[in-house]
Amino acid sequence: MEQLLGFALPGVPYGCTYALVAVCLVLTYQATGVFNFAFGAQAFASAFIFTYLTQYHGWSGWEAFLLTVVVLGPVMGYAFDRLIFRHIPNSNSTAKLVCGLALLVGIPSLLPVIFGPQNLDATATIFPFFNPNTVYFTIGSGLYSTPINGIYLATISVTVVVLILLTILLRFTSLGLQMRGAVESRRLVQLDGVNANGVVAVAWIISSFMAALAGVLLASGYGAFNSDEFVTLTVTAIAAAAWAMLRSLPIAAGVAVLIGVVTTVLQGYIPPNSFWNAAVVPSLPFFAIAAALLILPGLRNLDSSRDPLATIDPPPEPIAASTRAPSMDRIIRSLWWVVLAAFCVSMLTWIPVTWETVFNNGLTLSIICLSVTLITGMAGQLSLCQATFAGIGAFTAAVFSVHLGFNFLVGGLIGAAIAAIVAVVLALLSLRLRGLGLALMTLAAALLFDNTAFNTIWVTGGAQGTSIQSKWLGTSAFFDFNGHAMFILSFCVLAVAVVIVLLVRKGTVGRNLAAMRGSETATAGLGVNPTWQRIVVFALSGAIAGVGGVLYSIQQQHVSPVDWNTTFSLVLVVLVVTTSVNTVEGAIQAGIGLFVVEQLLTYLPSRFGGPSLTIVLFAFGALTYAQHPEGVLEYQKRRSTARFERLFFAKEAEAEDRKAQAVSVGASG
Amino acid sequence: MPVADVEPLLRLEGVCKSFGGIKAVHTITFDVGAGESVGLVGPNGAGKTTLFNCVCGQLRPEEGDIFFDGLPLAGVPTYKRARLGIGRTYQRVEVFTDMTVRDHLMVAERSRRGEGSLWRDLLNMSKPRPEEMERVDATLELVGISHLADISVNALGLGHCRLVELARALATEPKILLADEPSSGLDLHETAEVAAVLRTVQRERGTAVLLVEHDLSMVAEVVDRAVVMDLGSMLFAGTFDDCMADPAVRDAYLGQMGHA
């Protein structure tokens, strides 16, 4: 018993920080209907700035605490509500999810852009409440005693006080009542005379304050200052919130503490150097999420809108491209072929090696982005594990080459098949999940792979990964990695992938998927088997991602776990959503755009953040998803086309407009 | 038309469904014959839509059996019931956002035969065939929305969306059509159009119709007989005129007004 207590007690403060973020998730979801993935990133930002100020600018713990937790945290929450989430209709759950993901990816990348690249050490920070080095008392005795230091006391006491105050606010004040009403429909409670926007802003302010608090507690308390720790914080909080069905604050807090305790207990009992300790214990939150999603039926349709006034939302803006003048259409199509021919000729003749590498990287990444187009653009499902599928393809190819002497490309094909099988298994596990539920399940799967298969030396070759040898690719004279051969291979595979996606989109499966996006109930009611359609699209998407992963790895000349972690899956979604998630051009622009922008930014001083700034730019783009579901880049393209059209083909454009208007009048009449 | 005169196409035997402690549908038993038109009427909350959901497989009854064409439907998923010949429209319009009206019907046309394999798509063999286009055009013509064929449903009003739903359900060439409040949100003229379409499909195509509707004049125009439900239980089954004359029905439907 003493041993159990000795292992369990150190988990309590961890559990408390998880509890704070879990409560943030539930509170924001209950008050606003937004499942804010970004709380972990907000916690990271506060911890980063807190550490930066105390370590480099000599601020005292209290001063830094006041700025980061009391001022910056709430301001961040208010800004997110005021600038982003308030403008997203309650019914647009995908936009809410995408914006949360954009913030999750964008905030940690924004910090080095603002503060410059920093190498912070959280252990050196000065904690404001208690002296972290003082042991106030000890529980137990002997080998399993637990010294209770300042950090331990501060974390538990702060969490308990904050949770009690929050419970009082929600249960016993009119503000709490108004918050509960606002989640149904801001517009409805406004009709009752409630300042709904103010109520929702208060919820954002409180939850962001708590996220900032959790970040500072976690960083300064445990010296845990890397983004991985904050991913664990986010995911554990999500697991706890899921078990609370995103409803009950006490259950969310309780489960979070329980996960913290169970983690340290398992770490205590399982031998430290075993596979189980390295892989399974860190995966506990992901198992918890998956189990909650599979067991609790209430989580299956989390983001279905309950707004009774949703029907008063105006219809979406018409798509500009649908009314393009025929001459303009011909010019654009011809121009595309000219640009494509010029690109191919350039790549094979004069382009410098640097840019050749950039475009080859971009082409291979485009294939992976196409898998996002399939699953998110065509099937309307947000998958957060596309990089995992790509990684499965790449690692399988590497394993077959290293251990069995296969050609890397042959291994890659087997890898693509295995990626498709894993995708099918995931599809079968998430048959009843939609929207947020599916996003969480795929996130859990991605993190599970990060901690298990991608964390096994036999598979990955260690943290540095495996270098790809040219002999694995057959003839080394042909495959000089960055050369023309790589371009030809990538270009051909991308072309095949594009054709496959286009054929599926205009075929029966594509039409069925489009119908399912509109109403799965009605589609099934016509005789379409939705389960089969989902399995097909998951399998195809997994296979395409797997092939992309293999080619991307060849281009990078190594297969590394860092390339295929969960964060990269999130980045992929943000990239494709910014360009256009519904079109194959969008996927190609996302893949090539990432590397082109990155390369262009190398011409700027490193002070501007380099690759981090690229992610920030795309994250900003993704934040406009609610206004431009076609992708902000696609929107700008269409706007420019329309301007050009008005200048040079005004008469034709007017005729098209008149035709469109006549059709729309006929429809409404 | 009396029940005994027609071959039972759809048979419900003691169907029960409850949500928590509320008995939404309680021991409902009735038949619908092939080519017959039956009205399922009752006040709001009577359990009509729940019963439709049980028939279509979207809800699983706790007790009782449902037979279609002699086959028990227990354990048969929604899409297979649709392929057996159960078509449906919805109380709350369920259209496919961003798709044209023609595409709505094309989905139905293909799915009724269970077509839609990936390999056909990949070999570019999924283009609409002339006979498919003809059938789709004929259904659009029947419902009177040919002029809307190439318009996205996003541009349509509620009335037209209801007609699209109806056309989509008819495109599956169902043996029975479950029409759930098809006139809801329509004006008098549009309601008359929908009633005419339902009569036509019943008489010309031999499609049975099970109609849930609050507009009793429309029900009278379309159905051969009626089943009345109230608070989950079956109150009456018989001809529409008998049904309207029944004091229990009048009480359930009209309350104090019925007695006056």
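Does A:Gln557 count as buried or exposed? With 12 C-beta neighbours inside 10 Å, A:Gln557 counts as exposed. The cut-offs are simple: a residue is buried if 20 or more other C-beta atoms (placed from the backbone) lie within 10 Å of its own, exposed if 12 or fewer, and partly exposed in between.

A word before the views: this is a predicted model, in which local features need pLDDT of at least 70 and side-chain atom pairs count only at pLDDT 80 or more, while totals for chains, interfaces and linings use all residues. Residues are numbered from 1 along each chain as its sequence is written, and chains are lettered from A and ligands numbered from 1 in the order in which they are written.

**Two loop residues of chain A with positive phi, A:Gln557 and A:Leu246.** Most residues other than glycine have a negative phi. A:Gln557 is not a glycine, yet its phi is positive, about 65°. It sits in the loop between α23 (530-556) and β4 (558-559) of chain A; helices (H or I, at least four residues) and strands (E, at least two) are DSSP runs, numbered from the N terminus. A:Leu246, also not a glycine, has a positive phi of about 55°. Its loop runs between α10 (227-243) and α11 (249-269) of chain A. With 23 C-beta neighbours inside 10 Å, A:Leu246 counts as buried.

**The largest nonpolar core, with 289 residues.** A nonpolar core here is a set of buried Ala, Val, Leu, Ile, Met, Phe, Trp, Tyr and Cys residues joined through C-beta atoms within 7 Å. The residues with the most contacts inside this one are A:Val21, A:Ala22, A:Val23, A:Ala240 and A:Val574. Helix α9 (residues 196-222) of chain A gives the largest share, 18 residues. The core lies between domain 1 (11-235) and domain 2 (351-567) of chain A, because both give residues to it. Zoom in on A:Ala22 and you'll find plenty of alanine: it touches A:Ala237, A:Ala240, A:Ala241, A:Ala252, A:Ala253 and A:Ala256, not counting residues up to four places away in sequence. Touching, or being in contact, means that the C-beta atoms of two residues, placed from the backbone, lie within 7 Å.

**Where domain 1 of chain A meets domain 2 of chain A.** The bounds, 11-235 and 351-567, come from an automatic or database domain assignment. The domain centres, taken over C-alpha atoms, are 34 Å apart. Each domain puts 6 residues into the contact. On the domain 1 side, α5 (93-115) and α10 of chain A each supply at least two residues, and α5(A) gives the most, with 3 residues. By class, that side has 4 nonpolar, 2 polar and no charged residues. For the classes, Ala, Val, Leu, Ile, Met, Phe, Trp, Tyr, Cys and Pro count as nonpolar, Asp, Glu, Lys and Arg as charged, and the others, Gly among them, as polar.

**A strand of chain A in the open, β1(A).** Of the 5 residues of β1 (residues 135-139) of chain A, the number buried is 0, so this strand lies largely in the open. β1(A) pairs with β2 (residues 146-149) of chain A, antiparallel, over 4 bridges; pairing needs at least two DSSP bridges between the strands. One of the partnerships joins A:Ile139 to A:Thr146 in β2(A).

**An open sheet of 4 strands in chain B.** The order is β2-β1-β4-β5, and the pairing is antiparallel. β2 (22-33) and β5 (71-72) of chain B are the edge strands, each pairing on one side only. Between β1 (residues 8-19) and β4 (residues 63-68) of chain B there are 5 bridges. Look for B:Leu10, which stands opposite B:Phe68 in β4(B).

**The contact between chain A and chain B.** Chain B gives 40 residues and chain A gives 30 residues. On the chain B side, the elements that give two or more residues are α2 (78-84), α3 (101-111), α4 (118-122) and α6 (158-171). The largest share, 6 residues, belongs to α3(B). The chain B side divides into 16 nonpolar, 13 polar and 11 charged residues.
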